[in-house]
Each structure stands twice: as structure tokens, then as C-alpha cells.
Amino acid sequence: MRRRAEFDRVFRQGRHNSGPTLAVRSYPNEAGLTRFAYSIPKRVGTAVVRNRVRRRLREIVRSLPWREGFDVVIVARREATLATFHSLMLEMRLLSRRGRLLDAP
């Protein structure tokens, strides 16, 4: 139940940045590490399509240098299904920089 409360806190009090295919919400946490949650609504597509988008987002998250101490929720929009991996990567990097979630370089 505690995770649900933290998830809700990110949506209620967190910082929000959005683009055409993704929305990134973040809120500082006390854990000292950065945790990620993915929200891929059913309107994005079938389970196969949603899982493909989720796998792409997880790989993008692994490749970026995140700052420590944030809870981050990544919300995919319907347009994410048509986007290439590279365009998702560019948008994620842009939204994360706007939210000051990435390390300096």
C-alpha cells in the first residue's frame, strides 16, 4: 500500500513535463535512489503494443544518467506507438532535462 501512496504523491505534488508522446512526472524521495514507474493506458493499444512501448522506455531509462533521489512516473501517450526508439530517446532526454532529473553531461 505504501507504493500506491508514493505513486499518488508524484501525481499530486510532483513536477510535470510533457511532450507529444510522453509525460514525465517526478517528486523527490527520502530513499536516496531514483525509482521509476511506467503508466501505459489501454487506449495506447493492445497488450502487445503496450508491452513493446514499456520495453523501449525501460531500455531508454537504463541508458540515461539519472540523478539520485527521485520518484519518476513515465506516462506514454497513444503517439508513442508510432514513434521510433530514437525519437522516444530524444523526447525522454529533453523532458528529463527540463525536470532537472539528469546528471550534468
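## Strand β4 and its surroundings

Strands β3 and β4 run parallel to each other and pair over five bridges, where pairing asks for at least two bridges found by DSSP between two strands. One of these contacts matches A37 with V73 in β4. Between the two strands the chain passes through α2, and this β-α-β crossover is left-handed; a right-handed one would run clockwise from the first strand over the helix to the second, with the strands pointing away from the viewer. Helices (H or I, at least four residues) and strands (E, at least two) are DSSP runs, numbered from the N terminus.

A word on the model before going further. It is a predicted one, in which local features need pLDDT of at least 70 and side-chain atom pairs count only at pLDDT 80 or more, while totals for chains, interfaces and linings use all residues. Residues are numbered from 1 along each chain as its sequence is written, and side-chain values use heavy atoms, with hydrogens and water left out.

Back to β4, which has a second partner: strand β2 (residues 22-28) pairs with β4 in the antiparallel sense over seven bridges. Here V24 stands opposite I74. How many residues of β4 are buried? Seven of the seven are, so the strand is largely enclosed by the rest of the structure. Buried means under 20% relative accessible area, exposed means over 50%, and partly exposed lies in between (1.4 Å probe, protein chains only). In a regular strand the side chains alternate between the two faces of the sheet. In β4, F70, V72, I74 and A76 point one way, and D71, V73 and V75 point the other way.

A76 gives a good view of these surroundings. This residue of β4 is buried at 3% relative accessibility. Leaving aside neighbours within four places in sequence, A76 is in contact (heavy atoms within 4.5 Å) with residues including T21, L22, S39, I40 and V53. A76 and P20 are 56 residues apart in sequence, yet their C-alpha atoms are 9.4 Å apart in space.

Now for the charged pairs. Side chains of opposite charge can pair when their charged atoms come close. The structure holds two salt bridges, each a side-chain nitrogen of Lys or Arg within 4 Å of a carboxyl oxygen of Asp or Glu.

| Salt bridge | N to O distance |
|---|---|
| D71 and R35 | 2.7 Å |
| R62 and E59 | 2.9 Å |

The D71 and R35 pair in the table links distant parts of the chain, with D71 in β4 (residues 70-76) and R35 in β3 (residues 35-39), 36 residues apart. D71 is buried at 6% relative accessibility, whereas R35 is partly exposed at 29%. R62 and E59 both sit in helix α2 (residues 47-63), three residues apart, about one turn of the helix. R62 is exposed at 59%, and E59 is partly exposed at 38%.

There is also one aromatic pair in the whole structure. The ring centres of F36 and W66 are 4.9 Å apart and the planes meet at 65 degrees, so the pair is edge-to-face. Rings of Phe, Tyr and Trp (its six-membered ring) pair if their centres lie within 6.5 Å; planes under 30 degrees apart count as stacked, over 60 as edge-to-face and the rest as tilted. F36 belongs to β3 and W66 to the loop between α2 and β4, 30 residues apart. F36 is partly exposed at 27%, while W66 is buried at 9%.

W66 also leads to helix α3. S96, in α3 (residues 85-98), is buried with a relative accessible area of 0%, and among its contacts beyond four places in sequence are W66 and L101.
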